[in-house]
Amino acid sequence: MAAEPAAPVFEPDAETMPAEPLAALQAERLQGLVSRLLAAGGVQGQRLKEAGISAGADVTLADLARLPVTTKRDLWESYPFGMLAVDRSQVVAVHGSSGTGGKPTLVSYTRGDLKLWARMCARALAAAGATSGSIVHNAYGYGLFTGGIGIHQGAIELGATVVPMSGGMTDRQVTLITDLRPDILTCTPSYAIRIGEALAAAGVTPGRGLSLRAGIFGAEPWTEQMRARLNELLGLRALDIYGLSEIIGPGVASECAAAADGLHVNEDHFLVETLDPATGQPAEDGTGGELVFTTVTKEALPLLRYRTGDVAALRRGSCECGRTLVKMSKITGRIDDMLVIRGVNVYPSEIERVLLGEDGLALDYLLVVDERAAQRQLIACCEVRSGWQFKLPLAGELQARLARALGLTVRVRLVPPGTVPRTEVGKARRIVHWTGGEPPLAGID
C-alpha cells in the first residue's frame with residue numbers, strides 16, 4: 001500500500017522540536033524528576049542517594065546511563081501504593097497488568113497523568129491520519145488493561161467520535177463497522193484478524209463496503225509480514241502503537257501513516273534507552289536491546305530507568321511526516337519470551353516472519369514447545385487459507401525456510417482453517433508448552 005500524505009501533527013511544537021531544544025527540555029525534566037524522587041523517599045530515592053545523588057541539579061542527560069534502574073519486581077514488592085511520589089489523595093485511577101501469583105502490577109494515575117495519557121494517544125491517532133471528523137472503532141479491552149480507556153481518552157482529546165466497543169461480541173463489531181463506517185480501527189493485531197475474517201464472512205471487504213483507512217494495532221508484537229496481510233485483509237494502513245501501564249499505557253510510541261517504518265517515541269515525556277540484555281550496558285542505535293524508559297513528567301508513579309523486558313532498536317533522525325522524535329523498531333520479542341530450543345535462542349516473531357511470508361497460510365498460528373523428551377522440540381502449527389488444498393511439500397518447504405532463517409529445525413504441521421483457537425478479548429496466545437498427555441492442538445503428534 002502506498003504511503004499517504006503526512007497527517008497533521010497533534011502537538012507540533014513538541015513532536016517536531018529540533019534536537020538542541022529537545023535535549024534542554026529533557027535535561028530540565030530529568031532534574032525535576034530526580035528532585036521529586038529524592039523528596040518522596042522510597043526505593044528510588046534511596047537508590048539515588050546511594051549513588052551519590054543528593055539533588056536534581058547533580059544530574060545531566062549524560063549521567064542518565066549511570067543512574068539506578070527500576071524493575072517490575074520493585075512494583076510487585078511495593079504493591080499496591082508503596083512507590084507513590086504524591087499523596088494517596090491525589091490518585092484518581094489505577095491501571096495495571098497481570099503479575100505473578102495472580103497479583104497485578106498496579107500503577108496509579110493523577111488527574112495530570114490522565115491528561116498526559118490522553119494527549120499521547122491523541123498524538124498516535126493524529127499520526128495515523130485521524131482528525132476531529134474521524135470515527136474511531138475502539139475494540140481494545142476496557143478495564144485494568146490500559147488499551148481501551150487510553151485510546152478512548154485520546155479520541156475524545158482529538159475531537160473524534162469514539163465507538164467504545166471493547167473486545168468480544170464480534171458479530172456486533174461487524175454490525176457497527178458496517179453501519180457507522182468508521183475510518184480508524186484500534187485493537188490488538190490478533191483481534192484485527194478475527195474482525196477481518198468476520199467482516200469477510202458477512203460480505204464486507206475492501207472495495208465492498210469497508211470504510212477503514214487506518215488501523216492502530218498494539219499490545220502484541222507483530223511483524224512486517226503481519227502488516228502486509230492485515231493491509232490486504234482490511235484494506236487499511238496497519239500501524240503499530242506501543243505502551244505499557246507502568247509508563248503511561250498506549251501512546252508511549254506510535255507509527256505515522258506517512259512512513260510506517262518505526263514508532264515515534266514521545267521522548268519529551270519518556271526518555272528512552274536500549275540496554276544489552278546480557279551486560280546491562282547501553283546498546284548502540286540500530287542494535288536490538290532492552291527498552292528502558294524514564295518518565296520525566298508523570299506524577300503519581302514516576303519511574304527512573306524502568307527496564308521493560310521488551311526488545312527493540314532505536315533510530316534517530318527526521319521523518320517525512322515532520323516529526324523529529326527518535327524512532328523505535330517494532331518489538332522483536334520479550335527477554336522472558338525468548339525460547340531456547342536445543343541451545344538456539346529464538347523469538348516467536350522470528351518464526352512469524354517466515355510463516356506469514358507464505359501466501360497459502362492464514363494469519364493464525366500456534367507454536368508448541370514439546371517438552372515430553374529431554375531435548376525440547378518446537379512445532380509450528382499453521383492454518384492454511386480457506387480454499388487452499390493441503391500440499392505436503394509446503395510443510396517441508398516451510399521447515400527448510402525456518403532452518404535457513406533460524407539455524408534450527410522446527411517441525412511444521414498444516415491444519416485446517418479454524419483449528420487454531422481465536423482470541424477475542426486480551427492478547428493472543430501464540431505459545432503453549434506440551435509436557436505430557438493429549439496434544440494441545442488436534443492434528444499434531
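Reader: Hi! Before anything else, what counts as a helix or a strand here?
Author: Hello! Helices (H or I, at least four residues) and strands (E, at least two) are DSSP runs, numbered from the N terminus. By that rule the chain has 11 helices and 21 strands.

Reader: Cool. Where does the model come from, and how are residues numbered?
Author: This is a predicted model, where local features need pLDDT of at least 70 and side-chain atom pairs count only at pLDDT 80 or more, while totals for chains, interfaces and linings use all residues. Residues are numbered from 1 along each chain as its sequence is written, and side-chain values use heavy atoms, with hydrogens and water left out.

Reader: Why does 22 Å agree with a compact globule?
Author: Because a compact globule of 445 residues would have a radius of gyration near 22 Å, and the chain has 22 Å. That radius is taken over C-alpha atoms, and the globule rule is 2.2 Å times the number of residues to the power 0.38. The C-alpha trace spans about 70 × 55 × 40 Å along its principal axes.

Reader: And how much of the chain is buried?
Author: Of the 445 residues, 53% are buried, meaning under 20% relative accessible area (exposed is over 50%, partly exposed in between, with a 1.4 Å probe and protein chains only).

Reader: New topic: which residues of helix 9 are buried?
Author: In helix 9 (residues 224–234) they are Met226, Arg227, Arg229, Leu230, Asn231 and Leu234. Their cover includes helix 8 (189–201), helix 10 and strand 18 (361–370). Just after helix 9, Gly235 takes a positive phi of about 65°.

Reader: You mentioned helix 10. What does Glu352 touch?
Author: Glu352 sits in helix 10 (residues 348–355). Leaving aside neighbours within four places in sequence, Glu352 is in contact (heavy atoms within 4.5 Å) with Trp222, Thr223, Met226 and Tyr365. Met226 is also one of the buried residues of helix 9.

Reader: Which side chain of opposite charge is nearest to Glu352?
Author: That is Arg430, 4.8 Å away, and the buried Glu352 has no salt bridge. A salt bridge needs a side-chain nitrogen of Lys or Arg within 4 Å of a carboxyl oxygen of Asp or Glu. Lys and Arg count as positive and Asp and Glu as negative; His and the chain ends are not counted.

Reader: Last one: what order do the strands of the open sheet have?
Author: The four strands run 10-11-12-15, with antiparallel pairing; two strands pair if DSSP finds at least two bridges between them. Strand 10 (270–275) and strand 15 (333–334) are the edges. Val272 stands opposite Phe293 in strand 11.
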